[in-house]
Amino acid sequence: KKIGHAGTLDPFASGVLPLALGEATKTVSFSMSSTKEYNFVVKWGQATTTEDTEGEIIETSDVFPTKQEILDIIPDFIGTISQVPPQFSAIKVNGKRSYDLARKGEQVTLNARDVTIYDLKLISVIDKTSAEFSVTCGKGTYIRSLARDLAKRLGSCGHVIALTRTKVGKFHINNTILLESLDKIVHNPQPSGLLLPVEEVLDDIPVLDFTPEEARVFRQGQELTRPVEIQNGTIVSVMSEQKLIALGEVENGLIKPKRVFNI
């Protein structure tokens, strides 16, 4: 009856999009904050309104960086960097999506914000005008903006012509199914291995084991005292009899219910 997704993909992009069904929708925020990996191709010498292939060309340059020039500037883009999101993005401006305003021809000014790039590699120089990269990044990173800024740093301009998200947290593209195959899947008995247990997305957070009685009162919204050496504000998985019953938050020795599961 409920379905959620962990992060959107640009219209022209492909790749991993984790879907949460039923009670698992309560865990979507964990997937959205996970580290993501992408492969992308930048075309040098042309900037577009959308910073990808769907926009109109607004700037050109006859500067095409060499492989060594690209390698030399890559370290500048690893770590916490300041990034201005694309105008054509889902960020809200005065209650409206930036891309809706941009499509109406309105000039949108978005503030720079800090994002984290854990790794950035040059995969190959495809030809004089384009190069392929891989990137591992944190939440809120726009690959179109990264491509734009790489081009500017190299004294040129550029836009993304191919973008594939290869990983979201522990969900890898090698374990995905094609969107086109869903029509066949939903009309057949549930295939094994496609639907993963909800615990799959929570396996990197601490686990606390409650007795059946503790689990009962916790599900009713009561806080429980627990002598744990876990930092305040930490989210924990609460298990009972090998079943996930809730997500809790640690606060001064108390475990407070945050999300209760009916699994």
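The numbered points below describe a predicted model of one protein chain.

1. **Overall make-up.** The chain has 263 residues, and buried residues account for 40% of them. Its secondary structure consists of six helices and 18 strands. Measured out along the principal axes, the C-alpha trace spans about 70 × 50 × 40 Å. Of the contacts with a separation of 6 or more, 64% join residues that are 24 or more positions apart.

2. **Surface and charge.** The accessible surface of the chain is about 15100 Å², and carbon and sulfur atoms contribute 49% of it. There are 30 positive and 33 negative side chains, with the centres of the two sets 5 Å apart.

3. **A nonpolar patch.** On the surface, Ile3, Leu17, Leu19, Leu21, Ile177, Leu179, Leu182, Leu194 and Leu195 form a nonpolar patch, and together they have about 810 Å² of accessible area. Leu195, one of these residues, sits in the loop between helix H5 (182-185) and strand E14 (207-209). With a relative accessible area of 48%, Leu195 is partly exposed.

4. **Helix H4.** Helix H4 covers residues 143-153 and is mostly covered, since nine of its 11 residues are buried. The buried residues are Ile143, Arg144, Ser145, Leu146, Ala147, Arg148, Asp149, Leu150 and Ala151. Charged residues such as Arg144, Arg148 and Asp149 are thus listed among the buried residues of H4. The elements against which these buried residues pack include strand E4, helix H2 (67-73) and strand E7 (79-83). Strand E10 (113-127), strand E11 (130-137) and strand E12 (158-168) also pack against the buried residues of H4. After H4 comes Gly155, with a positive phi near 80°.

5. **Phe40, a partner of H4.** Is Phe40 buried or exposed? Phe40 is buried, with a relative accessible area of 0%. It belongs to strand E4 (residues 36-44). Apart from neighbours within four places in sequence, the residues in contact with Phe40 include Ile143, Leu146, Ala147 and Leu150, which are among the buried residues of H4. Other contacts of Phe40 include Leu120, Phe133, Val135 and Val160. Phe40 and Ala147 are 107 residues apart in sequence, yet their C-alpha atoms are 8.6 Å apart in space.

6. **Helix H6.** In helix H6 (residues 212-219), the buried residues are Ala215, Val217 and Phe218. The cover over them includes strand E15 (224-225), strand E16 (235-240), strand E17 (243-251) and strand E18 (254-260). H6 is followed by Gly221, which has a positive phi near 100°.

7. **Salt bridges.** Side chains of opposite charge can pair when their charged atoms come close. The count of salt bridges in this model is 10. One of them joins Asp76 and Arg153, whose closest N and O atoms are 2.6 Å apart. Asp76 lies in the loop between H2 and E7 and Arg153 in helix H4, so the pair ties together parts that are 77 residues apart in sequence. Asp76 is partly exposed, at 42% relative accessible area, and Arg153 is partly exposed at 45%.

8. **Salt bridges around H6.** Arg216 and Glu213 meet in a salt bridge at 2.6 Å, N to O. These two residues are three apart in helix H6, so about one helical turn separates them. Another salt bridge links Glu223 with Lys256, the closest N and O atoms being 3.7 Å apart. Because Glu223 lies in the loop between H6 and E15 and Lys256 in strand E18, this pair ties together parts that are 33 residues apart in sequence. Glu223 has a relative accessible area of 40% and is partly exposed; Lys256 is also partly exposed, at 22%.

9. **Two residues with positive phi.** Most residues other than glycine have a negative phi. Glu51, although not a glycine, has a positive phi of about 65°. Its place is the loop between strand E5 (46-48) and strand E6 (57-60), and at 10% relative accessibility Glu51 counts as buried. Glu51 is also linked with Arg148 and Asp149 in a network of salt bridges. Glu241 has a positive phi near 50° and is found in the loop between E16 and E17. Glu241 is exposed, with a relative accessible area of 61%.

Note on methods: Residues are numbered from 1 along each chain as its sequence is written. Side-chain values use heavy atoms; hydrogens and water are left out. Patches are made of residues with over 30% relative accessible area and no salt bridge: like charges are joined within 9 Å, nonpolar side chains (Val, Leu, Ile, Met, Phe, Trp, Tyr) within 5 Å. Accessible areas come from the Shrake-Rupley method with a 1.4 Å probe; for residues, only the protein chains shown count as cover. A salt bridge is a side-chain nitrogen of Lys or Arg within 4 Å of a carboxyl oxygen of Asp or Glu. Helices (H or I, at least four residues) and strands (E, at least two) are DSSP runs, numbered from the N terminus. Buried means under 20% relative accessible area, exposed over 50%, partly exposed in between (1.4 Å probe, protein chains only). Contact means heavy atoms within 4.5 Å. Lys and Arg count as positive and Asp and Glu as negative; His and the chain ends are not counted. The place of a charge is taken as NZ of Lys, CZ of Arg, CG of Asp or CD of Glu.
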